Each structure stands twice: as structure tokens, then as C-alpha cells.
Amino acid sequence: MPVDTPDNNPLTNIPERGKIMGLDLGTKTIGVAISDGMRYSATPLETIKRTKFTQDAERIVELIGQNQVVAVILGLPLNMDGSEGPRVQSTRAFARNLAPRINLPIAFWDERLSTSAVTRMMIEADLRRDRRAEVVDKLAASYILQGALDRLRPR
């Protein structure tokens, strides 16, 4: 299925109905979030400890099936000036490798500051440091997905 490019609307290929999965790819973990069927809100689902691509992809495929997902949003870790660095290249490579396994549209969503925004919220909520480390990735995935959902919502 199509993987969006930066020169078009990143959400063009997303079906009008159905749940969407959001992924925040880290070097050690993958945060996973899921939208509700009406696409009003994104909910953190789980954090996958990264091992090999094949095992990571198998877990994502399982979650897609369990939640009847129709599209995937991947956080795109652009540099603050909007340029692309090595992390963006690895995210795009992950999407290219995942696409044939899931046969769903994959879109990218700018994730700049998502982790820091989520961390700030957790600190304000007085969450312990060890607890923050456990949940930051899936909350960042939820934050990324919520941004995309807000953009998809008709005005």
C-alpha cells in the first residue's frame, strides 16, 4: 500500500472510517496507540521492546488484527528546522519494510516535541521517573496519533 511522501498531504490515503494505529519508533522501544472507531481520541495501547524487525513487525501485525486497524500513522522525527536526519531515514525504512506485511496505508506525522510535551505533562502530574520511563513511548504515540486525528476531523 502507499507510503506517503513529504510533498503531499500525509493523510490523503487514510480511509474515511475505521480505527487508526499510531506508532512512535524509538531506538529501544515502539510506542503504540489506537484511535476509537469514531476517531475522536487516541489511546495509548502498549510499548513494544524492540528486538529484530521481524518480531517487532509480527507484534504490530497482531495488534492491527486485534483492533481492526485500517491505517497506520508513524511519527516522523524531523529536526527542529524541519530537515531530515538519520532517524527520519530509519523511520522511512521501517515503513517500507512494514508496508508489505500489513497491506494498509501508512502515513507520517511530524512528531517534533511529542516526547518532551508528554514528559512535561507527566512531570506536572507528579509521575515518578521510573513510571514515566515505562509509559512515555506509548503516550508519545498517542500524542502523535491525536494530532493526526485532529487534522482528519472535518471542520
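The following exercises, each with a worked solution, concern the predicted model shown above.

Residues are numbered from 1 along each chain as its sequence is written, and side-chain values use heavy atoms, with hydrogens and water left out. Because the model is predicted, local features need pLDDT of at least 70 and side-chain atom pairs count only at pLDDT 80 or more, while totals for chains, interfaces and linings use all residues.

**Exercise 1. The chain as a whole**

Determine which elements the chain contains, in what order they run, and what share of its residues is buried.

*Solution.* Step 1: assign helices (H or I, at least four residues) and strands (E, at least two) as DSSP runs, numbered from the N terminus. The chain then has four helices and five strands. Step 2: read them from the N terminus, which gives β-β-β-α-β-α-β-α-α. Step 3: apply the burial classes (buried under 20% relative accessible area, exposed over 50%, partly exposed in between; 1.4 Å probe, protein chains only). Of the 155 residues, 44% count as buried. Step 4: take contacts (heavy atoms within 4.5 Å). Among those between residues at least 6 apart in sequence, 64% join residues at least 24 apart.

**Exercise 2. Strand β4 and its partners**

Establish which strands pair with β4, in which sense, and with what hand the chain crosses from β4 to β5.

*Solution.* Step 1: two strands pair if DSSP finds at least two bridges between them. Strand β1 (residues 19-25) pairs with β4 in the parallel sense over five bridges, and K19 stands opposite V69 in β4. Step 2: β4 also pairs with strand β5 (residues 106-110), again parallel and over five bridges; here L76 stands opposite D110 in β5. Step 3: follow the chain from β4 through helix α2 (residues 86-102) to β5; this β-α-β crossover is right-handed, meaning that, with the strands pointing away from the viewer, the path from the first strand over the helix to the second runs clockwise. Step 4: examine the cover of β4 (residues 69-76), of whose eight residues seven are buried.

**Exercise 3. The faces of helix α1**

Compare the span of α1 with expectation, and explain why its buried residues line one face.

*Solution.* Step 1: the expected span is 1.5 Å times one less than the number of residues. For the 15 residues of α1 this gives 21 Å, and the end C-alpha atoms are 21 Å apart, which agrees. Step 2: list the buried residues, namely D56, A57, I60, L63, I64 and N67. Step 3: seen down the helix axis, these residues fall within an arc of 120° (taken from the directions from the axis to the C-beta atoms), so they line one face of α1. Step 4: on the other side, G65 and Q66 are exposed. Step 5: the cover of the buried residues includes β1, β2 (29-35), β3 (42-49), β4 and α2. Step 6: as one example, D56 has a relative accessible area of 2%, and D56 touches I30, I48, K49, R50 and T51, not counting residues up to four places away in sequence.

**Exercise 4. Two positive phi values**

Decide whether R39 and Q68, each with a positive phi, are buried or exposed.

*Solution.* Step 1: most residues other than glycine have a negative phi. Step 2: R39, in the loop between β2 and β3, has a phi near 65°; R39 counts as buried because its relative accessibility is 9%. Step 3: Q68, in the loop between α1 and β4, has a phi of about 50°; Q68 is exposed, with a relative accessible area of 63%.
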